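These notebook entries record what I looked up, in the order in which I looked.

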Amino acid sequence: MTDGAQPTMRRDAVRNRERLLAAARVVFAERGADVALEEVARLAVVSRTTLYRHFTTREQLAATVFEENVALIERRAVELGEADDGIVTLFDFVLDQQRANRGFERMLSAADLSWLSELSARTIAAFEPLLVRGRAAGIVHPVVGVDDVMLAFPMAAGAMADSDLAGRPEAADRVRAMLHRALFTGAAG
């Protein structure tokens, strides 16, 4: 290794890491944030030692999934850049991520604030051009700003985490519809 280059992972290590992340998404969504990490290793078909070699804590595993979600948001925003209703599609994409990853917010509550702030800034940057385009097309209410869109996500997460709503898709759909009415004009077509 020279010039401060990072070591490259062996192919099997990369594959195991990807399997662990995919398994974490499933296990945390189905069983919640307090599930034993051994369940993640079992679903990924790797040993506990392999799990802890890649992720030393539950928070580190959740943070990695969260960071990957932000990268997915950024890529999706680029794909939607020319669509007048791209903001609506991206908004729903993030709500779907939240729905699939219930419990991550609680696990990340003790995370490094500067790291979370950076991910928040990246998410805002992904939404801003779509918001401008959507407002110009009459799809976003004129008074809605990017801060309003960002505020909608913890509101939705809170509703989805509510024990009465968790696992009830019709309630999550109602939350989505209410947030759509608050943010969007319904002019998307």
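Which residues is phenylalanine 127 in contact with, leaving aside its neighbours within four places in sequence? I note first that the model is a predicted one. I then list the contacts of phenylalanine 127: Ile73, Ile87, Leu90, Phe91, Val94, Val146, Val149, Met150 and Phe153.

**Entry on the core.** I looked up the nonpolar core next. The largest one has 29 residues. Phe127 is among those with the most contacts inside this core, together with Ile87, Phe91, Val149 and Phe153. I checked which helices take part: α4 (58-79), α5, α7, α8 and α9 each supply at least two residues. Helix α8 gives the most, with eight residues. I also recorded a second, separate core of 16 residues, which includes Ala24, Val40, Ala41 and Leu61. As background, I note that nonpolar side chains tend to be buried together in soluble globular proteins.

**Entry on the aromatic rings.** How many aromatic pairs are there? I find a count of three. In one of them, phenylalanine 91 and phenylalanine 184 meet edge-to-face, 5.5 Å centre to centre and with 80° between the planes. Phenylalanine 91 belongs to helix α5 (residues 86-100) and phenylalanine 184 to the segment after α9 (169-183), so this pair ties together parts that are 93 residues apart in sequence. Phenylalanine 91 counts as buried because its relative accessibility is 0%. For phenylalanine 184 the value is 6%, so this residue counts as buried.

I then turned to phenylalanine 127 and phenylalanine 153. Their ring centres lie 5.7 Å apart and their planes are at 55°, so I enter this pair as tilted. The pair links distant parts of the chain, with phenylalanine 127 in helix α7 (residues 113-136) and phenylalanine 153 in helix α8 (residues 146-161), 26 residues apart. Phenylalanine 127 has 0% relative accessibility and therefore counts as buried; phenylalanine 153, at 7%, also counts as buried. I record that Phe91, Phe127, Phe153 and Phe184 form one aromatic cluster.

**Entry on glutamate 68.** Is glutamate 68, in helix α4, buried or partly exposed? At 30% relative accessibility, I enter glutamate 68 as partly exposed. Not counting residues up to four places away in sequence, glutamate 68 touches Arg17, Leu21 and Arg25. The C-alpha atoms of glutamate 68 and leucine 21 are separated by 9.4 Å, although the two residues are 47 residues apart along the chain. With arginine 25, I find a polar contact of 3.2 Å between the two side chains.

Definitions and conventions. Residues numbered from 1 in each chain as written. Predicted model: local features only at pLDDT ≥ 70, side-chain atom pairs only at ≥ 80, totals over all residues. Heavy atoms only, no water. Phe/Tyr/Trp six-rings, centres within 6.5 Å; stacked < 30°, edge-to-face > 60°. Helix = DSSP H or I, 4+ residues; strand = E, 2+ residues; numbered from the N terminus. Buried < 20%, exposed > 50% of the residue type's maximum accessible area, 1.4 Å probe, protein only. Core = buried A, V, L, I, M, F, W, Y, C linked by side-chain atoms within 4.5 Å. Contact = heavy atoms within 4.5 Å. Polar contact = N/O pair within 3.5 Å; in protein donor to acceptor, adjacent residues only side chain to side chain.
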